[in-house]
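Here are a few notes to help you find your way around this structure. Keep the view open as you read, and take the points in order.

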Amino acid sequence: MASPDPPVTSYAPSDVPSGIALLLTIPFAFFLPELIFGFLVWTLVAATHVVFPLLQGWVMYVSITSFLISLMFLLSYLFGFYKIFESWRVLDSLYHGTTGILYMSAAVLQAHATIVSELDPRIYYINTAASFFAFITTLLYILHAFSIYYH
């Protein structure tokens with residue numbers, strides 16, 4: 001009597017590379033730029049004189065929370081934790097899509113804070129850089145969401 005096939009214990013997609021090769025393939029190559037530009041956003045906002053605490057507080061919340069959760073996603077891919085969940089790719093796509101929307105709102109609020117801070121040139125230039133990096137980070141999160149979904 002032939003024994004049945006052993007149960008599958010891993011639901012991971014077979015085309016996800018392991019280790020450092022993960023960072024060289026699309027859509028996973030977006031992780032490091034998301035983390036770097038997200039880090040730049042919250043450090044630049046923290047370096048300014050906060051004109052509107054509610055607006056830039058939202059920018060700080062979105063950028064720091066997104067940074068930490070994206071770092072956890074990256075570590076879960078590097079260490080292989082994603083292998084135990086069947087719907088990991090859907091979760092990844094939903095997270096990055098939602099974060100792209102939240103980052104867009106934060107980028108618009110940061111742009112408004114930039115416009116308001118035109119009187120002080122030093123603060124204005126820092127806010128301009130934070131706005132630029134917020135929009136770049138928004139684009140990266142949206143590209144990651146679409147590329148992981150269609151990958």
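1. The protein has 4 helices and 0 strands, and reading along the sequence gives the pattern α-α-α-α. Please keep in mind that this is a predicted model.

2. On the whole chain: of the 151 residues in the protein, 39% are buried. The accessible surface comes to about 8700 Å², and carbon and sulfur atoms account for 76% of that surface. If you count contacts with a separation of 6 or more, 76% of them join residues 24 or more positions apart.

3. You may wonder what the record says. UniProt, in an unreviewed entry, lists residues 20-46, 58-82, 94-116 and 123-150 under "transmembrane region". Two of these spans can be set beside the model. Residues 58-82 are 88% helix and 0% strand, with 30 Å between the end C-alpha atoms. Residues 123-150 are 100% helix and 0% strand, and there the end C-alpha atoms lie 41 Å apart.

4. Helix H2 is a good one to trace by eye. H2 covers residues 53-79, which is 27 residues. From its first C-alpha to its last, H2 reaches 38 Å, close to the 39 Å expected at 1.5 Å a residue. Just after H2 comes Gly80, with a positive phi near 85°.

5. Which residues of H2 are buried? They are Leu55, Gln56, Val59, Val62, Ser63, Ser66, Phe67, Ser70, Phe73, Leu74, Ser76 and Tyr77. The cover over these buried residues includes helix H1 (31-46), helix H3 (88-116) and H4.

6. Now turn to Ser147, a residue of helix H4, which runs over residues 121-150. Is Ser147 buried or exposed? Its relative accessibility is 17%, so Ser147 counts as buried, the cut-off for buried being under 20%.

7. Where does the side chain of Ser147 reach? It comes to 3.1 Å from the backbone oxygen of His144. Leaving aside residues up to four places away in sequence, Ser147 touches Ile26, Pro27 and Phe30. According to the unreviewed UniProt entry, residues 20-46 and 123-150 are among the spans listed as "transmembrane region", so you can look for both ends of these contacts there.

Definitions and conventions:
Residues numbered from 1 in each chain as written. Predicted model: local features only at pLDDT ≥ 70, side-chain atom pairs only at ≥ 80, totals over all residues. Heavy atoms only, no water. Helix = DSSP H or I, 4+ residues; strand = E, 2+ residues; numbered from the N terminus. Buried < 20%, exposed > 50% of the residue type's maximum accessible area, 1.4 Å probe, protein only. Polar contact = N/O pair within 3.5 Å; in protein donor to acceptor, adjacent residues only side chain to side chain. Contact = heavy atoms within 4.5 Å. UniProt positions renumbered as here; feature names shortened; annotations may be inferred. Areas by Shrake-Rupley, 256 points an atom, 1.4 Å probe, with all protein chains shown as cover. Expected span 1.5 Å × (residues − 1).
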